[in-house]
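Here is a friendly walk through one structure for someone meeting it for the first time. Please keep the sequence and the 3D view at hand while you read.

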Amino acid sequence: MNELITKNNERVTHFMKSLERMTEGIEQLAASCRPLLNGEHYLTDKEVSALLKVSRRTLQDYRNEGLLPYILLGGKILYRESDIKKILEEEYREAFRLKDRSAF
């Protein structure tokens, strides 16, 4: 019981080798693992309203008007993050520059 444990101790070496095997296994698993749902992120009403800086009521209007695609699952509404990004990119308008600013 009063034995001095050093890095050369058999138990320590065994423990360190086990940790290395576990680390390798975790790295292999992480490299081969596909994210759930094909890596797609789903957002709630609250998240989308915060992202777009509109009220949840406005989101309901957007859904009713067919502006935003959504999923209704068990009474909960979800939005695909990729759909939101796509809509924002499609609706993006470039800024234009006035030739003569002295008119202001």
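Glu90 counts as partly exposed because its relative accessible area is 49%, between the limits of 20% for buried and 50% for exposed. You will find Glu90 in helix α4, which covers residues 81–90. How far is the C-alpha atom of Glu90 from that of Thr44? The two C-alpha atoms are separated by 21 Å, and the residues lie 46 apart along the chain. Please bear in mind that this is a predicted model.

**The chain as a whole**

Now step back and look at the full chain. It has 4 helices and 3 strands. Starting at the N terminus, the order of these elements is α-β-α-α-β-β-α. Taken along the principal axes, the C-alpha atoms fill a box of roughly 85 × 50 × 30 Å. The radius of gyration is 27 Å, whereas a compact globule of 104 residues would have one near 13 Å. Of the 104 residues in the chain, 14% are buried.

**Charged partners**

How many salt bridges does the structure hold? There are 4, and the table shows three pairs from among them.

| Side chains that meet | Distance, N to O |
|---|---|
| Arg57 and Asp61 | 2.9 Å |
| Arg80 and Asp83 | 3.2 Å |
| Arg93 and Glu91 | 3.6 Å |

Begin with the pair Arg57 and Asp61. Both residues belong to helix α3 (residues 56–64), where they are 4 residues apart, about one turn of the helix. Asp61 has 27% relative accessibility, so it counts as partly exposed.

Turn next to Arg80 and Asp83. Is Asp83 buried or exposed? Asp83 is buried, because its relative accessible area of 16% is under 20%. Its partner Arg80 has a relative accessible area of 36% and is therefore partly exposed.

In the pair with Glu91, Arg93 has a relative accessible area of 59%, which means that Arg93 is exposed.

**Rings and a nonpolar patch**

Which ring does the charged end of Arg63 sit over? That ring belongs to Tyr70, and the charged end of Arg63 lies 5.6 Å from the ring's centre. As for rings paired with one another, the count of aromatic pairs is 0, with a limit of 6.5 Å between ring centres.

A nonpolar patch can be found on the surface too. Phe15, Met16, Leu19 and Met22 make up this patch, and its area is about 390 Å². Phe15 is part of helix α1, which spans residues 10–32. With 49% relative accessibility, Phe15 is classed as partly exposed. That value is also over the 30% needed for a residue to join a patch, so Phe15 can be counted here.

**A backbone angle to look for**

Finally, find Lys53 in the loop between α2 (45–52) and α3. What is the phi of Lys53? It is positive, at about 60°, although Lys53 is not a glycine. Most residues other than glycine have a negative phi, which is why a positive value is worth a look. Lys53 is also exposed, because its relative accessible area of 72% is over 50%.

Notes:
Residues are numbered from 1 along each chain as its sequence is written. This is a predicted model: local features need pLDDT of at least 70, side-chain atom pairs count only at pLDDT 80 or more; totals for chains, interfaces and linings use all residues. Side-chain values use heavy atoms; hydrogens and water are left out. Rings of Phe, Tyr and Trp (its six-membered ring) pair if their centres lie within 6.5 Å; planes under 30 degrees apart count as stacked, over 60 as edge-to-face and the rest as tilted. A charge sits over a ring if NZ of Lys or CZ of Arg is within 6 Å of the ring centre and within 35 degrees of the ring normal. Patches are made of residues with over 30% relative accessible area and no salt bridge: like charges are joined within 9 Å, nonpolar side chains (Val, Leu, Ile, Met, Phe, Trp, Tyr) within 5 Å. Accessible areas come from the Shrake-Rupley method with a 1.4 Å probe; for residues, only the protein chains shown count as cover. Helices (H or I, at least four residues) and strands (E, at least two) are DSSP runs, numbered from the N terminus. Buried means under 20% relative accessible area, exposed over 50%, partly exposed in between (1.4 Å probe, protein chains only). The radius of gyration is taken over C-alpha atoms; the globule rule is 2.2 Å times the number of residues to the power 0.38.
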